[in-house]
Amino acid sequence: MDGDTTFFRRMDFRGWGARLDYIVCPGLDWAIEGFSLKNRHDTVWTGDFRETVIGTSLTAYF
């Protein structure tokens, strides 16, 4: 999902998303990311769906 810039659009959402990665040391990545989404079409099942998320992650690669 992080490498696919059309993921949310193909899932029928609109909004924005951003991610910032910081390499702490070789093999250790710290990321801050956020997005704000809304469904493009209100339906009986989804209604007026909105979601805003800001989060962080620490990933070790080996």
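A salt bridge here is a side-chain nitrogen of Lys or Arg within 4 Å of a carboxyl oxygen of Asp or Glu. I worked with a predicted model.

**Entry 1, salt bridges.** I searched the whole structure for them and found three. Arg19 forms one with Asp21, where the closest N and O atoms are 2.9 Å apart. I noted a second between the side chains of Asp29 and Arg19, at 3.7 Å from N to O. Asp29 sits in strand S2 and Arg19 in strand S1, so this pair ties together parts 10 residues apart in sequence. The side chains of Glu33 and Arg19 also meet in a salt bridge, at 3.5 Å from N to O. That pair links Glu33 in strand S2 to Arg19 in strand S1, 14 residues apart. I recorded Arg19, Asp21, Asp29 and Glu33 as one network of salt bridges.

**Entry 2, accessibility in the network.** Which of these residues is buried? Asp29 is, at 4% relative accessibility. I found Arg19 partly exposed at 33%, Asp21 partly exposed at 40% and Glu33 partly exposed at 29%.

**Entry 3, aromatic rings.** My search of the whole structure gave one aromatic pair. Phe13 and Phe49 form it, tilted, with 5.7 Å centre to centre and 55° between the planes. Phe13 is in strand S1 and Phe49 in the loop between S2 and strand S3, 36 residues apart. I read relative accessible areas of 22% for Phe13 and 33% for Phe49; Phe13 is partly exposed, and Phe49 is partly exposed.

**Entry 4, Lys38.** I located Lys38 in strand S2, residues 28-39. Its relative accessible area is 14%, which is under 20%, so I entered Lys38 as buried. Leaving aside neighbours within four places in sequence, I listed its contacts as Phe13, Arg14, Asp48, Phe49 and Arg50.

Key
Residues are numbered from 1 along each chain as its sequence is written. This is a predicted model: local features need pLDDT of at least 70, side-chain atom pairs count only at pLDDT 80 or more; totals for chains, interfaces and linings use all residues. Side-chain values use heavy atoms; hydrogens and water are left out. Helices (H or I, at least four residues) and strands (E, at least two) are DSSP runs, numbered from the N terminus. Buried means under 20% relative accessible area, exposed over 50%, partly exposed in between (1.4 Å probe, protein chains only). Contact means heavy atoms within 4.5 Å. Rings of Phe, Tyr and Trp (its six-membered ring) pair if their centres lie within 6.5 Å; planes under 30 degrees apart count as stacked, over 60 as edge-to-face and the rest as tilted.
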